[in-house]
Protein chains: 2
Amino acid sequence: MNGLTIGKIAKQAGVSSDTVRFYERCGLIEPAGRTDSNYRIYREEDIVRLSFIKRAKDLGFSLSEIRVLLSLSHDPGTTKADVKRITGEKAEKIRRKIKDLTRILEALEQLNELCDGHGPADDCPILQSLNRESGGQCH
Amino acid sequence: MNGLTIGKIAKQAGVSSDTVRFYERCGLIEPAGRTDSNYRIYREEDIVRLSFIKRAKDLGFSLSEIRVLLSLSHDPGTTKADVKRITGEKAEKIRRKIKDLTRILEALEQLNELCDGHGPADDCPILQSLNRESGGQCH
DNA sequence: CTTGACATTGGACCATGGTCAAATGTTTAT
DNA sequence: ATAAACATTTGACCATGGTCCAATGTCAAG
């Protein structure tokens, strides 16, 4: 038999068979060919595409962003600028997210420093601060 | 009438009425008292609790973490160390998340620098890199 | 030939944090 | 008195990214 079963490409790409079927359902990958016994059958190129998805996901792209990336990568009219825009926007999103988290972290650390960690919590400055609106405004 | 309707405390705390009812369903806030006409009725202290939830959420706590925080804050046996442990763990989680995102961001920026952004994408280094396993391993 | 490991399908379900709709009742303002 | 603006309930639904299940079929090894 030439061609891979779903379990094989799944393993190659580092995802589960369920996930491969899920991606097919979502239209992220083409419906696979079938054997006589109705098993999905894949070619080497399918590993490439699936791995593309996996790597992009590891880079923080959502499935819908990956869909765009994939369609760009298969459209001969796509320019480098198109691709760069997508990755640049994603980078910007991640930068914003990091900024948000950093702000939150700082607030949390400040809160943590207020409290010496000894004794009963009835006068815990952390709880007090959550109960009063005194603390730094978020948003 | 003394007491606030759901719309009023919702506004005071900066959430929607739906959200207040949702919090009640989840057990995050006690079932409110009722008027004769079955309207929920709240006291000033309820604004405090609801605002506590809102502020904690803005600090990145999940509802289940907030549940813990709230029960700690109402248990007289709670020590400052208990509270500090929760906020410290949360801070640590956020630090990890920031680290992850930073790693991803760096990979994305590297990818972005590979590409000059001019011309057709058929030889776009970003797409090429997503298609080959050469790029930096994630995880 | 049997057993185990794989495949198929449809559909339910997980967590998260709500949001929205419909049908109905109440309060308030004019 | 009537309309607008609020409230109630039940229950469905949103996105995200799958995971798990049962019932059934197929394939390969011994």
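In this predicted model, B:Ile98 comes closest to the rotation axis of all residues of chain B, with its C-alpha at 3.0 Å. A turn of 180° lays chain B on chain A, with a shift of 0.0 Å along the axis. The RMSD of that superposition is 0.1 Å. The two chains are therefore related by a two-fold axis. Both copies use the same surface: 100% of the contact residues of chain B recur in chain A.

The interface between the chains was examined next. In chain B, 52 residues are in contact with 52 residues of chain A. Together the two chains bury about 4,500 Å². Carbon and sulfur atoms account for 70% of that area. Three residues, B:Leu59, B:Lys80 and B:Leu130, supply 17% of the area that chain B buries against chain A. No other three residues supply more.

Polar and charged pairs also cross the interface. Between chain B and chain A, 20 residue pairs are in polar contact, both residues of each pair having pLDDT 80 or more. The count of salt bridges between the chains is four. B:Lys80 forms a salt bridge with A:Asp123. The closest N and O atoms of this pair are 3.1 Å apart.

Four helices of chain B each supply at least two residues of the side that touches chain A. They are α3 (44-58), α4 (63-74), α5 (80-114) and α6 (125-131). The largest share, 21 residues, comes from α5(B). By class, this side of chain B has 26 nonpolar, 14 polar and twelve charged residues.

Attention then turned to the DNA. DNA strand C is surrounded by 20 residues. The closest are A:Gly7, A:Arg21, B:Thr19, B:Ser37 and B:Tyr39. Of the strand's atoms within 4 Å of the protein, 76% belong to sugar or phosphate. The rest belong to bases.

Several side chains approach phosphate oxygens of strand C. For A:Arg21, a side-chain N or O atom is 2.3 Å from a phosphate oxygen. For B:Ser37, a polar side-chain atom lies 2.8 Å from one. For A:Thr5, the corresponding distance is 3.1 Å.

Helices of both chains contribute to the surface near DNA strand C. From chain A, α1 (6-13) and α2 (17-26) each supply at least two residues, as does α2 (17-25) of chain B. The largest share, five residues, comes from α2(B). The surface near the strand comprises six nonpolar, eight polar and six charged residues.

How values were computed. Residues are numbered from 1 along each chain as its sequence is written. Chains are lettered from A and ligands numbered from 1 in the order in which they are written. Side-chain values use heavy atoms; hydrogens and water are left out. Contact means heavy atoms within 4.5 Å. Buried area is the accessible area (1.4 Å probe) that two parts lose on being put together, summed over both. A salt bridge is a side-chain nitrogen of Lys or Arg within 4 Å of a carboxyl oxygen of Asp or Glu. A polar contact is a pair of N or O atoms within 3.5 Å; within protein, one must be able to donate a hydrogen and the other to accept it, and residues adjacent in sequence count only if both atoms are side-chain atoms. Ala, Val, Leu, Ile, Met, Phe, Trp, Tyr, Cys and Pro count as nonpolar, Asp, Glu, Lys and Arg as charged, and the others, Gly among them, as polar. Copies are superposed by least squares on the C-alpha atoms of residues with pLDDT of at least 70 in both. A residue is near a molecule or strand if one of its heavy atoms lies within 4 Å of it.
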